[in-house]
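Here's a quick briefing to read alongside the model. Take a look at the structure first, then go through the notes by topic.

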Amino acid sequence: MTAHSNIYPTKALQEIDAAHHWHPFSDMKSLNAEGSRIITRADGVWLTDSEGRRILDGMAGLWCVQVGHGRTEITEAVQRQMNELAYYNTFFKTTHPPAIALSEKLAKLAPDHINTVFYCSSGSEANDTVFRMVRTYWDKMGKPDKKVIIGRWNGYHGSTLAGTSLGGMKAMHAQGDLPVEGVHHIDQPYWFGEGQDMSRDDFGVHAARKLERAIDQLGEDKVAAFIAEPIQGAGGVIIPPESYWPEVRRILRERDILLVADEVICGFGRLGEWFGSTHFEIEPDLMPIAKGLTSGYLPMGGVLVSDRVAEGLMNAGDDFNHGYTYSGHPVCAAAALANLDIIEREGLVGRVKTDIGPYLQERWRRLEEHPLVGEARMTGLMGALELVPDKKDLKKAFPDVGTVGTICRDISFQNGMVMRAVRDSMIISPPLVLTHEEADFLVETAEKTLDDTYQRLKKDGWLG
Ligand SMILES: *Cc1c(COP(=O)(O)O)cnc(C)c1O
């Protein structure tokens with residue numbers, strides 16, 4: 001068969017897929033028994049599957065398709081670059097116009113103190129780069145004992161060795177005997193899941209002080225960096241209380257420790273600013289980026305590096321022995337430039353802040369009135385619904401965590417919309433081009449999905 005042939009019936013395609021294709025983060029035995037969903041086309045915020053059904057892409061692919069699907073500005077830029085220079089590397093004193101132009105562009109978009117970018121092909125690679133960069137930085141600063149990187153439980157920084165280690169997903173750590181040495185995890189600022197005994201603001205400060213305590217126990221002279229997502233994405237759209245980031249900043253400012261803001265999801269307009277760090281006024285030393293950088297049209301990532309760290313490493317007078325064959329890949333850089341051009345031209349960042357963001361947030365938060373929803377939260381265009389069995393006791397969770405979420409996710413797909421399940425919360429992160437009508441469809445479909453899920457849970461005895 002050819003890559004885009006859709007002349008085979010769904011069943012035949014599923015069988016070939018089951019026979020030969022190992023999917024990421026999947027129980028392949030049960031997936032192969034059930035058969036994968038097959039997406040054949042996409043346009044704007046709409047996916048089309050192999051049965052010809054249209055489905056609203058409430059997750060922007062995997063949090064990445066900022067400008068929507070099927071944008072010919074990007075595919076044409078890619079084709080032009082393919083014909084001109086499909087590949088050359090950036091090692092050995094070499095560069096090329098797309099990498100030059102993209103670097104200038106990113107330096108302009110990033111906060112003032114960040115003017116340098118190191119390229120890779122994914123968010124995971126970006127965090128592998130971060131891992132080596134921060135340790136090498138402190139070596140060059142004459143502080144080789146500063147090696148520990150502090151991350152957070154339930155943080156997500158990718159799936160490679162360093163990404164998995166810096167992240168705080170226990171199910172991932174369990175496979176491959178991770179984290180690697182020199183990574184320490186603190187609790188996350190997850191008020192609904194772990195903080196309901198306190199006010200949100202008290203809990204935010206409480207969670208931040210865990211960083212202070214960890215640094216003071218490990219010793220400031222041993223700690224290289226703290227890494228965190230401005231809002232945790234894969235962990236379940238954990239929006240920290242407003243008191244959290246200011247307290248983290250205070251703690252880090254009083255100590256000589258680098259701050260790494262993992263912008264792989266929050267970057268490129270998701271929170272109504274070019275970077276989530278700007279939304280929270282974070283001022284990081286390093287910002288890993290990927291996903292929205294190209295809207296997923298081609299794989300590309302990078303680390304945005306502050307002047308302080310760039311100068312510290314660059315002035316050391318020897319090589320940073322690190323890089324990838326595809327660092328700054330010309331075609332991916334061309335895709336990124338075309339993507340950033342659309343985001344700028346269409347004012348998508350401001351649109352999230354003042355138009356579609358507030359519009360969707362207001363409607364999304366009303367879902368909290370549903371009997372199944374314990375909390376409905378959203379910042380920018382990142383939202384979550386916490387499903388609960390009993391609204392009178394919000395601390396009570398469903399048994400067999402994840403099962404109800406998966407039921408709800410499958411019903412949502414049947415109803416024509418992709419929502420993701422994390423534990424028993426439902427997640428959305430739609431393309432930034434979502435129209436008001438599409439936002440209405442999104443919320444109506446979420447509501448219908450909650451109703452259907454409620455009926456199903458009642459019938460199956462989940463609600464007592
Ligand atoms: C997705 C993600 C990554 C990993 O990116 P990949 O491109 O999948 O390697 C890293 N950090 C965050 C915050 C992410 O959401």
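**Backbone oddities, the ligand and a pocket**

S295 sits in the loop between β9 and β10 (301-306). Keep in mind that this is a predicted model. S295 makes a good starting point, as its phi is positive, about 55 degrees, although the residue is not a glycine. From there the notes move on to other loops, the ligand, a pocket and a few pairs of residues.

**Unusual backbone spots**

- Is S295 buried or exposed? With a relative accessible area of 1%, S295 is buried, because anything under 20% gets that label.
- E283 also has a positive phi, near 55 degrees, and again this is a residue other than glycine.
- You'll find E283 in the loop that runs between α12 (276-280) and β9 (286-289).
- For a cis peptide bond, go to L178 and P179, where omega is about 5 degrees.
- P179 belongs to the loop between α8 (170-173) and β6 (183-186).

**Around the ligand**

- Which residues surround the ligand? The list runs S122, G123, S124, N127, Y156, H157, G158, E229, D262, V264, I265 and K291.
- Sorted by type, this shell has three nonpolar, six polar and three charged residues.
- On the nitrogen side, a ligand nitrogen atom lies 2.8 Å from an N or O atom in the side chain of D262.
- A nitrogen atom of the ligand is also 3.4 Å from a polar atom of Y156, this time in the backbone.
- K291 pairs up with an oxygen instead: an N or O atom in its side chain is 2.7 Å from an oxygen atom of the ligand.
- Taken alone, the ligand exposes 380 Å², and the protein buries 83% of that.

**The second largest pocket**

- How many residues line the second largest pocket? The lining has 26 residues, and T90, F118, M314, F320 and H322 are the ones nearest the pocket's centre.
- Three elements each give two or more residues to this lining: α5 (97-109), β4 (114-120) and α13 (307-314).
- The volume of the second largest pocket comes to about 760 Å³.
- By residue type, the lining of the second largest pocket splits into 14 nonpolar, nine polar and three charged.

**Apart in sequence, paired in space**

- G312 is part of helix α13, one of the elements that contribute to the lining of the second largest pocket.
- G312 has a relative accessible area of 12%, so this glycine counts as buried.
- Along the chain, G312 and M141 are 171 residues apart, yet their C-alpha atoms are 7.0 Å apart in space.
- E375 is in strand β11 (residues 373-379).
- Why does E375 count as buried? Its relative accessibility is 6%, and the cut-off for buried is under 20%.
- E375 and L394 are separated by 19 residues in sequence and by 8.7 Å in space, C-alpha to C-alpha.
- Q414 is in helix α17 (residues 403-414).
- Q414 has 57% relative accessibility and therefore counts as exposed, the cut-off being over 50%.
- The partner to check for Q414 is R53: these two are 361 residues apart along the chain, with 9.7 Å between their C-alpha atoms.

Technical notes
Residues numbered from 1 in each chain as written. Predicted model: local features only at pLDDT ≥ 70, side-chain atom pairs only at ≥ 80, totals over all residues. Heavy atoms only, no water. 1 Å grid on protein atoms, 1.4 Å probe; cavity = no way out; pocket = protein on both sides within 12 Å on 5 of 7 lines; lining within 4 Å. Points joined across faces, edges and corners; volume = space filled by probe spheres on them. Helix = DSSP H or I, 4+ residues; strand = E, 2+ residues; numbered from the N terminus. Nonpolar A, V, L, I, M, F, W, Y, C, P; charged D, E, K, R; others polar. Buried < 20%, exposed > 50% of the residue type's maximum accessible area, 1.4 Å probe, protein only. Near = heavy atom within 4 Å. Polar contact = N/O pair within 3.5 Å; in protein donor to acceptor, adjacent residues only side chain to side chain. Areas by Shrake-Rupley, 256 points an atom, 1.4 Å probe, with all protein chains shown as cover.
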